[in-house]
Amino acid sequence: MGGHVSVEGVHVVVVGGGFGGIAAAQQLKSQQISFTLIDMRDAFHHNVAALRASVKTGFARKTFIPYRETFGSSFVQGRVQQVDTDRQVVKLETGEEIHYSHLILCTGTDGPFPGKFNAVASYQDAVQKYQDFVQQIQAAKSVLVVGGGSTGVEMAAEIKTEHPNKKVVLIHSRIGLADPQLLSSVRQQAKEVLLEKGVELILGQKVSNMAELQLNVTKSNMLVTTDQGATISTDLVISCTGLKVNSAAYASSLPGCQAENGALQVNHHLQVQGFSNIYAVGDCANVNEPKTAYHAGLHAAVAVSNIINSLTGKALTSYHTGNVTMLLAMGHDDGVGQYNGLRLPRSLVALAKSRDLLLWKSWRLMEQKSP
């Protein structure tokens with residue numbers, strides 16, 4: 001940036017410290033632009049590895065990286081309750097207000113634990129919650145995973161890889177597994193890996209007594225029923241369904257800018273509809289592509305570039321969706337996926353992602369050393 005950008009009066013607020021949020025914050029930091037990163041936790045959660053942290057003792061501490069060591073006083077822990085676009089402030093639950101000249105919303109998606117961990121919590125509490133869950137899985141003789149999207153597929157594979165003698169059943173309301181935007185051959189491979197590992201599949205059926213089931217707690221011989229009359233006995237039920245856009249921070253402030261699912265309508269520059277100084281990045285942006293850490297990072301680069309371009313009078317950068325890139329870790333020793341629309345060999349996915357779940361990348365981005 002050098003001396004070419006006038007940053008007087010510029011303060012960027014980044015709401016949400018997920019993959020998009022930390023990428024945006026690091027780019028702002030490197031450009032010496034004043035910013036505040038806000039998240040409800042005190043540590044970044046590399047949730048790409050959350051499912052392994054659910055099955056492997058001691059792994060969770062590698063998946064949480066403290067914000068303050070990287071961002072110092074530019075990090076604020078708290079929950080954003082509202083965005084006041086007239087006064088250009090974000091309001092926290094505590095009543096604190098933080099002014100912005102530009103706003104980047106990276107609020108992500110919310111969903112059931114262990115795939116997601118969106119709670120006001122310390123690093124120690126978060127790690128302990130995963131460690132407690134490891135013990136629930138260890139105590140169960142049989143596990144039922146509900147939901148065969150990408151998270152459910154990875155969860156079932158992680159459990160069966162770590163505990164090959166445990167009975168693992170995956171139930172999915174559709175016939176096809178994993179993300180519908182993946183190549184059909186990749187989705188078929190995901191099914192083959194699960195079957196090879198010994199996961200039992202119940203496809204095209206929905207759990208009918210979900211509301212009565214206690215999730216994430218081991219209890220012998222719980223009875224799970226399906227809409228087609230089947231009954232399954234299991235010791236532990238894990239839900240991998242129901243991901244929803246985490247819109248709480250802006251729901252009341254930007255009502256006319258939201259799609260039906262709560263995601264923010266954006267233009268090609270990732271500016272929120274009707275605002276030149278508010279950007280949406282990652283899962284909360286209404287962009288038609290799989291919701292992945294990879295895409296969130298690409299969005300962050302566009303948003304920060306456009307803030308800089310708007311300050312220097314340069315043309316704004318556009319974000320264009322490409323062919324789908326997505327890798328599924330199927331335990332530490334296998335995986336399926338595609339890069340730029342081309343299916344990859346299973347061994348290559350295992351090497352590129354499954355072995356360490358790209359943890360090195362987040363620790364490097366946060367400029368810290370993994371324990």
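D39 and R41 make a good place to start: the two form a salt bridge, with their closest N and O atoms 3.5 Å apart. A salt bridge here is a side-chain nitrogen of Lys or Arg within 4 Å of a carboxyl oxygen of Asp or Glu. D39 is buried, and R41 is buried too; buried means under 20% relative accessible area, exposed means over 50%, and partly exposed is in between (1.4 Å probe, protein chains only). Keep in mind that this is a predicted model, where local features need pLDDT of at least 70, side-chain atom pairs count only at pLDDT 80 or more, and totals for chains, interfaces and linings use all residues. Residues are numbered from 1 along each chain as its sequence is written, and side-chain values use heavy atoms, with hydrogens and water left out.

Searching the whole structure turns up 11 salt bridges. Among them is the one between the side chains of E158 and R52, at 2.9 Å from N to O. E158 sits in helix α5 and R52 in helix α2 (residues 50–53), so this pair ties together parts that are 106 residues apart in sequence. Helices (H or I, at least four residues) and strands (E, at least two) are DSSP runs, numbered from the N terminus. E158 and R52 are both buried.

Helix α5 also leads us into the sheet. The strand to look at is β12 (residues 167–172): five of its six residues are buried, so β12 is largely enclosed by the rest of the structure. Strand β11 (residues 142–146) runs parallel to β12 and is joined to it by five bridges; two strands count as paired if DSSP finds at least two bridges between them. Going from β11 to β12, the chain passes through helix α5 (residues 150–162) in a right-handed β-α-β crossover. Right-handed means that, with the strands pointing away from the viewer, the path from the first strand over the helix to the second runs clockwise. To find the register, look at V146, whose bridge partner in β12 is I171.

Now for β13 (residues 200–203), which pairs with β12 in the parallel sense over four bridges. Here H172 stands opposite L203 in β13. Together, β12, helix α6 (residues 184–197) and β13 make another β-α-β unit, and this one is right-handed.

Helix α6 has a salt bridge to follow as well: K197 pairs with D333, the closest N and O atoms being 2.8 Å apart. K197 is in α6 and D333 in the loop between β19 (326–329) and β20 (335–339), so the pair links distant parts of the chain, 136 residues apart. D333 is partly exposed, at a relative accessible area of 44%.
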